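Me: I should like to go through the classifications assigned to this structure and the criteria behind them. Please set each value against its cut-off.

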Amino acid sequence: MRESSLREILASYNDQASLAEAWTIPASWYVDERIAALERETVFSKTWQMVGRVDQVEKPGQFVTATVAEEPIVVVRGNDGVLRGFYNVCRHHAAAVVTEPCGQASILHCPYHGWNYGLDGSLKGMPEFEGVKGFAREQNGLVPVKADTWEKFVFVNLHPQAAPLADFLGGLVKRAAPLGWSQLHYFDRRVYDIACNWKVFVDNFLDGGYHVPHLHAGLNSVLSYKDYTIENEDRYCLQSSPMVSDGAAPSDMRKGSRAWYFWQYPNLMINCYEGYMDTNLVLPIDADHCRVIFDFCFADVSEAQREHNQRSVAASDKTQDEDLGICEAVQRGLKSRAYGAGKLSLRREAGEHLFHRLLAADLKAGLPETAAAAD
Ligand code: FES
Ligand SMILES: [Fe+2]
């Protein structure tokens, strides 16, 4: 049987259908490495990607490193106070210049042959390089990428013509402003490697609580499921639920009157309760694997609160375990000949519909430039 072309696979999803008429994106989008490659070029190389927290890069010389769309990136605060992003790739023979996940340095020193770069990316010195022809030091600084911050978060965008971060975030900026995230402090991190496509994890997040009563008994006991609301705007979806406090087990972990679950296209989630926030960053590995990084922040990270905060992280960990198992089962099902695509609940799954339409628009727009040859 002839293999479908990338163009045919993209054309098999109708991004104009209303929620009532819509199907999910087809199973092939979750399993085909050509789609994964197209996403790298047209989604992850063109959207603003979160790479760290502002508190990690407050002082001159403080840096964070990350990998975005398979590109090594470093973001560093200059002596002039300006935050700059660079490809973390030495101009000599391409080694990673900065090798720590985060830290502080007065110069950026390549560990391979000892080339030095300033915090502004300029090449400062190259040992034993006298007499080399056709080489200009001032043209061999680290290659810049766009970097910016919003709330507690540092973002980069690999696309030189990218619109500003605030435009990309759109209505989310106003929506999140009253929630007081700047009062929260980083506490801990959990990293999950999952045998599913990154979009399976996002879909699971965006099902409007549909799976909560069935999969998460603990979480379900503190949320008022029937009152769950789902709002789409620009590139974000806010799912929100009033909290109930009936004394059920985890209620001392999840406080306040409301739970707020934000998703910002394509791969960032921000969950908050009173005095609590966790971010979930979903990083594609290949078509069948992703890594999800959870960072936990609390209003009170004092020693006295440590045990309470640890219990809160453990409660999240339990919920994630439940999600992980189902995400991996879904990935196996998406590969089955028995499945092509599914329908969406009008009451619950509007967020997934937004996700699929935004993704389809980016992939279809990106196809002519990157994949015409694949037809
Ligand atoms: S690769 Fe960096 S100094 Fe040679
Ligand atoms: Fe879940």
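**Metal site and strand pairing**

Reply: In this predicted model, the site of the iron ion (ligand 2) is irregular, with angles of 57 to 151 degrees among its four donor atoms.

Me: Why is the site of the iron ion (ligand 2) called irregular?

Reply: Four donors count as tetrahedral if all angles lie between 85 and 135 degrees, and as square planar if opposite donors are over 155 degrees apart. The angles here run from 57 to 151 degrees, so neither condition is met and the site is irregular.

Me: What makes His211, His216 and Asp323 donor residues of the iron ion (ligand 2)?

Reply: Donor atoms must lie within 2.8 Å of the metal. NE2 of His211, NE2 of His216 and two OD contacts from Asp323 lie at 2.1 to 2.4 Å, and therefore they qualify. The spacing of the donor residues in sequence is H-x4-H-x106-D. Distant parts of the chain are linked in this way: His216 lies in the loop between α7 and α8, and Asp323 lies in helix α9, 107 residues apart.

Me: Why is His216 counted as buried, and why is Asp323?

Reply: Buried means under 20% relative accessible area. His216 has 1% and Asp323 has 7%, so both residues are buried.

Me: How do you know that β4 and β9 pair?

Reply: Pairing requires at least two bridges. Strands β4 and β9 have two, in the antiparallel sense, so they pair. Gly85 stands opposite Val145 in β9.

Me: What makes β9 and β10 a pair?

Reply: Five bridges join these antiparallel strands, so the requirement of at least two is met. Ala147 stands opposite Val156 in β10.

Definitions and conventions
Residues are numbered from 1 along each chain as its sequence is written. Chains are lettered from A and ligands numbered from 1 in the order in which they are written. This is a predicted model: local features need pLDDT of at least 70, side-chain atom pairs count only at pLDDT 80 or more; totals for chains, interfaces and linings use all residues. Side-chain values use heavy atoms; hydrogens and water are left out. Helices (H or I, at least four residues) and strands (E, at least two) are DSSP runs, numbered from the N terminus. Donors are N, O and S atoms within 2.8 Å of the metal (3.2 Å for Na, K and Ca); water is not among the atoms, so sites may look incomplete. Four donors count as tetrahedral if all angles lie between 85 and 135 degrees; four count as square planar and six as octahedral if opposite donors are over 155 degrees apart and all others between 65 and 115; anything else is irregular. Buried means under 20% relative accessible area, exposed over 50%, partly exposed in between (1.4 Å probe, protein chains only).
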